[in-house]
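Me: Got a structure open here and want to talk through a few contacts and strands. Can you take short questions?

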Amino acid sequence: MKKTLKSMLALVMVGILCFTLLSVMPVLAEDAAVTELVIIDEEADELAADQKFSASISSEVVKFGEKAYKCTTATNGSDYWLFRSASSTGGLSRTLDISSMVNGGAVRFWIYVEDMATVHNWNGSQVQFGSNGWDKNTFNWGDWHKQIVNNGWNEIILPFYDNSDVDTTKMTWFFIRTNNTKYATTVYIDNVRVTADCVPEY
């Protein structure tokens, strides 16, 4: 009888302990919904495999952290890229799965311009983000530079839209460009990422 009672008490104590542990355990990261993914990471000195254009890592003008991408267009009369990566030569440093963030989400980044009047010389702009190369299987946003409304830092938000051509589980291609090939313009780009919402940061 005493042994049976002790066994029952032991079981009760184990049950209480397990309940207590479960009630205070944090939710594991893999169980949490992904709400943000970095596309290119300036803090890790990350450039795309075929980045041969104007972007470089700089600490001169920064919005977040300690580094940003410094980009100068039209330095040789033909260069209009701010940033480019191509899956044909390795693309982004990571293949990104953004499938859980496309519905209601966006690509976003911050851009610094010393004088926004220079943006009027760009004659258009474009961002592409996709799964298989330039001008195909991509999300494509034109005239994003129209969101630059102040001198200094401006947040660019590019909402996703229905596009069945893009494999959102295998995103490897990303570029930012202007149509400016005549006027040398230096800008800084920071915090390039995908988010699950379109709400402005500030």
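Me: Which residues are linked with Arg193 in a network of salt bridges?
Reply: Glu36 and Glu201. Keep in mind that this is a predicted model.

Me: How many salt bridges does the structure hold?
Reply: There are 8. One of them joins the side chains of Glu155 and Arg108, at 3.0 Å from N to O.

Me: Where do Glu155 and Arg108 lie?
Reply: Glu155 is in strand β8 and Arg108 in strand β5, so the salt bridge ties together parts 47 residues apart in sequence.

Me: Are those two buried or exposed?
Reply: Glu155 and Arg108 are both buried.

Me: And the rest of β8, how many of its residues are buried?
Reply: 7 of the 8 in residues 152-159, so the strand is largely enclosed by the rest of the structure.

Me: How many bridges join β5 to β8?
Reply: 8, and the two strands run antiparallel. Val107, for instance, has Leu158 in β8 as its bridge partner.

Me: Changing topic. What is the strand order in the open sheet of 4 strands?
Reply: β4-β9-β6-β7, with antiparallel pairing. β4 (81-85) and β7 (138-142) are at the edges with a single partner strand each, so one side of each has no neighbour in the sheet. From one strand to the next, the twist averages 10°.

Me: How many bridges for β6 and β7?
Reply: 5, in the antiparallel sense. Phe129 stands opposite Phe139 in β7.

Me: Last one: what does Lys146 meet in a salt bridge?
Reply: Asp143, side chain to side chain, at 3.7 Å from N to O. Lys146 is exposed, at 59% relative accessible area, while Asp143 counts as partly exposed at 34% relative accessibility.

How values were computed
Residues are numbered from 1 along each chain as its sequence is written. This is a predicted model: local features need pLDDT of at least 70, side-chain atom pairs count only at pLDDT 80 or more; totals for chains, interfaces and linings use all residues. Side-chain values use heavy atoms; hydrogens and water are left out. Buried means under 20% relative accessible area, exposed over 50%, partly exposed in between (1.4 Å probe, protein chains only). Two strands pair if DSSP finds at least two bridges between them. Axes are lines fitted to C-alpha atoms, for helices over the stretch in contact, and angles run from 0 to 180 degrees between N-to-C directions. A salt bridge is a side-chain nitrogen of Lys or Arg within 4 Å of a carboxyl oxygen of Asp or Glu.
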